[in-house]
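Me: I would like to go through the reasoning behind a few labels given to this model. Could you set each value against its cut-off?

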Amino acid sequence: MTGTVKESLIEDLRRLGITTGDTVYFRADLFVMDRSLKVIRAFIDASIELVGPEGTIACPTFTRGGAISLRNERRPFDQDTPSTSGSLASLFLEHPSVVRSKHPLCSFAAIGENAGYI
């Protein structure tokens, strides 16, 4: 295989029809496919590069279930609350440009032009 993993992923995403300016929602646990965190990070970087600055990528960052009333000062929901939506979501939350919604159980995170809207 020639090129980098990221370049290969960009070509794969292009073949799926993703182009510059798109808003793309990903729901996947890439850790099942490849146990390398480097590849999952490359997937995120490839997606960001492909959609460009005018595009947006998003994914679910759901948290552990339970009654919202059980959340208190000791366990508040915030941007650092771990996601239970898989490795893609967990690494997505580490990205410096990520914006996460404030729902305590069913949050979403996004990177790009429409991240604040999502």
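Reply: Gladly, bearing in mind that this is a predicted model. A place to begin is helix α1, whose buried residues are Leu9, Ile10 and Leu13.

Me: What makes the buried residues of α1 line one face of the helix?

Reply: Viewed down the axis of α1, the buried residues fall within an arc of 105°, and therefore they line one face of that helix. As a general point, an α-helix has 3.6 residues a turn, so residues three or four places apart point the same way. The buried residues of α1 pack against α2.

Me: Why is α1 called oblique to α2?

Reply: The axes of helix α1 (residues 5–15) and helix α2 (residues 37–51) come within 8 Å and cross at roughly 55°. Angles under 35 degrees would count as roughly parallel and those from 65 to 115 as roughly perpendicular, so the crossing of α1 with α2 is classed as oblique. The crossing in which α1 passes α2 is right-handed. On the α1 side, the contact is made by Val5, Lys6, Leu9, Ile10, Leu13 and Arg14, while the α2 residues include Phe43, Ala46 and Leu50. Sorted by class, this contact of α1 with α2 has 9 nonpolar, 1 polar and 4 charged residues.

Me: How do you know that Thr61 counts as buried?

Reply: Thr61, found in the loop between β2 (56–60) and α3 (87–94), has 0% relative accessibility. Buried means under 20%, and therefore Thr61 meets the cut-off. Leaving aside residues up to four places away in sequence, Thr61 touches several others, among them Ser83, Leu93, Arg100 and Phe108.

How values were computed: Residues numbered from 1 in each chain as written. Predicted model: local features only at pLDDT ≥ 70, side-chain atom pairs only at ≥ 80, totals over all residues. Heavy atoms only, no water. Axes fitted to C-alpha atoms, helices over the stretch in contact; angles between N-to-C directions. Helix = DSSP H or I, 4+ residues; strand = E, 2+ residues; numbered from the N terminus. Left-handed = near helix turned anticlockwise from the far one by under 90°. Contact = heavy atoms within 4.5 Å. Nonpolar A, V, L, I, M, F, W, Y, C, P; charged D, E, K, R; others polar. Buried < 20%, exposed > 50% of the residue type's maximum accessible area, 1.4 Å probe, protein only. Arc of directions from axis to C-beta.
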